Amino acid sequence: MDYLYDGTFDGFLTCIYHNYYDEAADGIYPREFYQPSLMNRWMLVTPDQQHAARVYQAIEEKMAGDSLHNIYYAFLAQYPNKETIILNYIRLGFRMGSTIDSYHTHPHVQPLHKIARKVTAEVHRFLGLLRFSDNGRFLHARLAPDHNILPMLADHFAERLKHERWIIEDEKRNQAVIYDGFSRPKGSRQRHWYIICLDDPLNCEAGAEDPYQELWKLYFNRIAIESRRNLRLQAQFVPRRYRKNLLEFEPFSEGDP
Amino acid sequence: MDTMTKLSVLTGAAKYDVSCASSGVSRGNQGKMGSTSQCGICHAWSDDGRCISLLKVLLSNDCIYDCRYCVNRRSNDVPRASFTAQEIADLTMQFYRRNYIEGLFLSAAVEKSPDYTMEKIIRVLTLLRRTYEFYGYIHVKIIPGADPLLVQQAGFLADRMSVNIEQPCEQSLRLMAPQKTLPMLYSPMAQVRDEIKTFKEDRRRLRHTPKFVPAGQSTQMIVGASQDSDMTILQTTSHLYKIFGLKRVYFSAYVPVNQDSNLPALATAPPLLREHRLYQSDWLLRYYHFQVEEIVDPQHANLEPEIDPKMSWALRHPEFFPLEINRASYEELLRVPGIGVKSAQRILRQRRMAAVSNDELKKLGVAYKRAQYFITCKGIYAGSHPFDPVTVRRILAPQPQATQLSLF
């Protein structure tokens with residue numbers, strides 16, 4: 001049986017539930033990209049919060065401390081067949097328990113570690129490589145990450161810029177995180193932010209020229225040591241695909257100071 | 001003078017400082033803006049491939065000292081500028097809001113006197129921490145010769161402090177920076193070390209004891225300005241880690257900025273490879289349980305440029321190899337060229353489940369190309385050539401490039 005889900009994590013966990021309580025899954029696929037074939041039967045799964053919560057809890061209790069983290073990060077990856085990779089990992093994990101992450105080279109463990117690591121690395125990278133621009137009303141950042149990392153960025157910036165209003169926009173997936181700058185509700189440990197889907201890219205260019213943008217470009221140019229110039233090294237850290245949203249890689253003409 | 005010009009002059013004057021780490025302290029946003037992360041965050045990489053994590057500027061480049069290697073020495077004719085405390089604080093806050101930087105790295109030339117300069121630095125830090133309630137990362141330079149009370153005051157406001165010793169021995173220091181002495185540089189280091197210890201102990205009893213320099217101290221040495229060997233540099237490095245408990249010692253390949261009979265000529269390229277090998281040795285000291293005497297000794301006073309220091313050690317100690325992966329201790333695994341901290345830990349975890357084989361090593365992240373000659377798996381040696389230092393060196397060291405012979 002092939003299970004099709006709606007792309008959400010809850011939907012995915014509901015498929016795992018059906019895998020154990022209805023019929024074992026041959027594969028799990030996002031609904032949009034599924035190609036039905038004559039050989040396989042398939043079923044459209046509607047996300048069920050209770051079923052999802054039950055699977056979530058089971059993973060937390062029966063597998064190691066890092067497993068849930070690994071599974072969620074792998075789920076955020078933009079990777080073909082990530083659902084099957086996670087399914088294999090979970091099946092093995094329920095049998096092995098907390099030792100699963102020690103089998104680094106196991107064919108059902110290694111691929112999951114690999115994609116989870118890629119997402120972790122990209123999240124960390126974008127904590128630095130994200131640029132807000134100030135349009136007078138709120139801060140706005142635009143990025144085009146390889147993986148769906150918005151949920152992992154939101155907490156960091158909600159903590160760091162807790163009194164600011166900001167939007168982080170993922171132009172590849174037409175999604176955005178919104179934070180309104182309010183202090184957190186009493187008794188809650190997490191600050192509230194929202195992920196919304198966008199129809200069109202947001203239009204929030206900074207109206208007047210922001211003097212700090214020019215200062216930053218100047219700083220970026222002046223900090224480099226000419227005799228150590230090494231553009232290949234730089235490209236390892238800042239791949240060219242990220243550069244169109246990075247202010248400092250815009251052309252800069254320096255007047256002689 | 002406008003901010004643009006000042007930033008240009010004072011960044012250009014600060015760029016030879018290498019330290020840019022924002023790591024070592026994890027703290028939430030207890031004020032209005034800013035937090036820090038344990039592993040540090042890099043925000044950009046400049047054209048020389050070095051990371052930009054902090055806003056690295058001098059408060060002023062107007063110096064009373066005349067150190068020969070320094071671009072800001074008194075006798076140099078360069079444009080001079082000074083920031084006001086307000087200007088630096090505004091730049092930091094505005095850059096930080098836009099996520100350009102992780103915090104501030106504030107250094108200063110010695111203007112008028114060490115105490116005067118240190119007071120000015122403290123004014124910036126107070127403005128940021130108290131008025132703006134900034135909780136991002138701050139790294140600050142200790143001005144040697146400043147009053148211990150001022151150093152202490154700055155220590156409560158900063159995350160990391162550093163004194164640059166610049167030269168590895170008294171002799172070179174006297175030659176290069178005639179107004180400085182080693183005791184003058186070591187005494188603030190000792191002070192910070194002692195106070196970190198005191199306040200840490202007090203915190204265990206009294207929860208509200210303020211934190212003092214929570215990310216520890218670091219220092220930097222210039223490589224290639226004086227004639228010192230790698231052995232001198234590494235011995236000093238190890239000494240600094242042991243005596244002062246430093247978090248990091250940085251090396252800075254000297255970029256000739258001044259014409260001087262004691263310095264390399266202006267056209268000399270900075271010794272980047274040497275700097276790289278020194279950093280590799282530094283890692284061996286800090287993470288790989290190596291002692292200085294194992295990396296360099298009087299017969300091998302300088303590191304080999306062709307191969308890394310760990311490989312160099314391994315080829316000088318063939319009696320240690322080949323090593324059985326499934327029996328070796330963690331410390332022994334770390335000695336194998338091609339196995340690093342992460343892959344050694346993975347090997348330890350995995351072999352608790354089942355013996356590790358040759359094919360699996362690659363999947364565990366081992367650089368098999370190098371490791372193959374130094375190990376056995378389940379008793380089997382699988383290197384493409386027999387283990388013999390001369391052969392292995394020939395295979396792994398880069399061959400000198402073939403050049404056209406001169407006809408004349």
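Let's start with helix α8 of chain B, residues 272-287: this helix lies across β7 (217-223) and β8 of chain B and runs at about 170° to β8(B). Keep in mind that this is a predicted model.

The sheet behind that helix is worth a walk-through. It's an open sheet of 6 strands in chain B, ordered β3-β4-β5-β6-β7-β8, and the pairing is parallel. β3 and β8 (248-253) of chain B sit at the edges, each pairing on one side only. On average, neighbouring strands here are turned by 20° against each other, direction ignored.

Over at the β3 end, 5 bridges join β3(B) to β4(B), residues 103-107, and the two run parallel. One bridge pair to look up is L58(B), whose partner in β4(B) is S107(B). Another helix, α1(B), packs on the sheet here, touching β3 and β4 of chain B, with its direction making about 95° with that of β3(B).

Here are the two helices on the sheet, side by side:

| Helix | Strands involved | Angle |
|---|---|---|
| α8(B) | β7(B), β8(B) | about 170° to β8(B) |
| α1(B) | β3(B), β4(B) | about 95° to β3(B) |

Now over to chain A. How far apart should the ends of helix α7 (residues 211-223) be? At 1.5 Å a residue, its 13 residues should span 18 Å, and the end C-alpha atoms are 18 Å apart, so the two agree.

Which residues of α7(A) are buried? They are Y212(A), W216(A), L218(A), Y219(A), F220(A), R222(A) and I223(A). Their cover includes parts of chain B: α1 (3-14), β1 (44-45), β2 (51-52), β3 (54-58) and α2 (85-97). That brings α1(B) and β3(B) back into the picture, as part of what covers the buried residues of α7(A).

Conventions: Residues are numbered from 1 along each chain as its sequence is written. Chains are lettered from A and ligands numbered from 1 in the order in which they are written. This is a predicted model: local features need pLDDT of at least 70, side-chain atom pairs count only at pLDDT 80 or more; totals for chains, interfaces and linings use all residues. Helices (H or I, at least four residues) and strands (E, at least two) are DSSP runs, numbered from the N terminus. The expected span of a helix is 1.5 Å times one less than its number of residues. A residue is buried if 20 or more other C-beta atoms lie within 10 Å of its own, exposed if 12 or fewer, and partly exposed in between; C-beta atoms are placed from the backbone. Two residues are in contact if their C-beta atoms, placed from the backbone, lie within 7 Å. Two strands pair if DSSP finds at least two bridges between them. Axes are lines fitted to C-alpha atoms, for helices over the stretch in contact, and angles run from 0 to 180 degrees between N-to-C directions.
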